[in-house]
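Got the model open in your viewer? Let's take a walk through it, one selection at a time.

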Amino acid sequence: MSTQQQLTELLTAALQPAHLEVINESHMHGTPTDDSHFKVVIVSESFAGQRLLQRHRSVNKAVAELLAGPIHALALHTYSPEEWQELGKVPASPACRGGSQLN
């Protein structure tokens, strides 16, 4: 199972999202065949009334085993259903400024 599939399953089980996008952005960071850089857009009722830090902690807890292993970077966009309805989209990811320095 790919890292992207594992992320999707773990987040779905832990947070029962109304909307979930797990986007592999590894190709933007000099690692086109690696599953190490992801962008997550997650909308969950459990985020209602929570501050951003609490939301990120919930996500990080749900995927802790992957953060300790294959994931190098995880961009989080966390919303309550009401916030998502107002916003409807997330900002584009910035271009990578470096890339891998490994030979």
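## First stop: Thr78

Start by selecting Thr78, which sits in strand E3. Keep in mind that you are looking at a predicted model. Is Thr78 buried or exposed? With a relative accessibility of 5%, under the 20% cut-off, Thr78 counts as buried. Now show what surrounds Thr78: leaving out residues up to four places away in sequence, it touches Ile42, Phe47, Leu52, Arg55, His56, Val59 and Glu83.

## Two steps along: Ser80

Move on to Ser80, in the loop between strand E3 (73-79) and helix H4 (81-87). Ser80 is buried too, and its relative accessible area is 5%. Its contacts, again not counting residues up to four places away in sequence, are Val43, Ser44, Phe47, Ala48 and Arg55. Phe47 and Arg55 should look familiar, as Thr78 touches both of them.

One of those contacts of Ser80 is Ala48, so select that next. Ala48 belongs to the loop between E2 and H2. Ala48 is partly exposed, at a relative accessible area of 36%. Try a distance from here: Ala48 and Glu83 are 35 residues apart in sequence, while their C-alpha atoms are 8.9 Å apart in space.

## Zoom out: the whole chain

Switch to cartoon view. You should find 4 helices and 3 strands, running α-β-β-α-α-β-α from the N terminus on. The chain has 103 residues, and 30% of them count as buried. Of the contacts with a separation of 6 or more, 59% are between residues 24 or more positions apart.

## The sheet

Color the strands. They form an open sheet of 3 strands in the order E1-E2-E3, with mixed pairing. Which strands stand at the edges? Those are E1 (19-24) and E3; each has a single partner strand, so one side of each is left without a neighbour in the sheet. On average, neighbouring strands are turned by 10 degrees against each other, ignoring direction.

Strands of a sheet pair through backbone hydrogen bonds, either parallel or antiparallel. Here you can look at each kind in turn:

- E1 and strand E2 (residues 37-43) run antiparallel, joined by 6 bridges. Select His19 and you will see Val43 of E2 opposite; select Ile23 and its bridge partner in E2 is Lys39.
- E2 and E3 pair in the parallel sense, over 7 bridges. For a landmark, Phe38 stands opposite Leu74 in E3.

Now isolate E2 and show its side chains. How many of the residues of E2 are buried? The count is 7 of the 7, so E2 is largely enclosed by the rest of the structure. His37, Lys39, Val41 and Val43 point one way, whereas Phe38, Val40 and Ile42 point the other way, and all are buried.

## Helices across the sheet

Bring back H1 and H2. H1 lies across E1, E2 and E3, at about 160 degrees to E1. H2 lies across E2 and E3, at about 125 degrees to E3.

The two helices also meet each other. Helix H1 (residues 3-15) packs against helix H2 (residues 52-62) at an angle of about 125 degrees, and their axes are 9 Å apart. That angle makes H1 oblique to H2. The crossing of H1 past H2 is right-handed. To see who makes the contact, select Leu10, Leu11, Ala14 and Leu15 on H1, then Ser58, Val59 and Ala62 on H2. By type, these contact residues are 6 nonpolar, 1 polar and no charged. Val59 of H2 has come up before, as one of the residues that Thr78 touches.

## Off the end of H1: Gln16

Follow the chain to Gln16, in the loop between H1 and E1. Check its backbone: Gln16 has a positive phi of about 40 degrees although it is not a glycine. Gln16 is exposed, with a relative accessible area of 60%.

## Last stop: Val90

Finish with Val90, in the segment after H4. Leaving aside its neighbours within four places in sequence, Val90 is in contact with Lys39, Val41, His77, Tyr79 and Trp84. For a final distance, pick Val40: Val90 and Val40 are 50 residues apart in sequence and 10.0 Å apart in space, C-alpha to C-alpha.

Technical notes: Residues numbered from 1 in each chain as written. Predicted model: local features only at pLDDT ≥ 70, side-chain atom pairs only at ≥ 80, totals over all residues. Heavy atoms only, no water. Buried < 20%, exposed > 50% of the residue type's maximum accessible area, 1.4 Å probe, protein only. Contact = heavy atoms within 4.5 Å. Axes fitted to C-alpha atoms, helices over the stretch in contact; angles between N-to-C directions. Parallel < 35°, antiparallel > 145°, perpendicular 65-115°, else oblique. Left-handed = near helix turned anticlockwise from the far one by under 90°. Nonpolar A, V, L, I, M, F, W, Y, C, P; charged D, E, K, R; others polar. Pairing = 2+ DSSP bridges.
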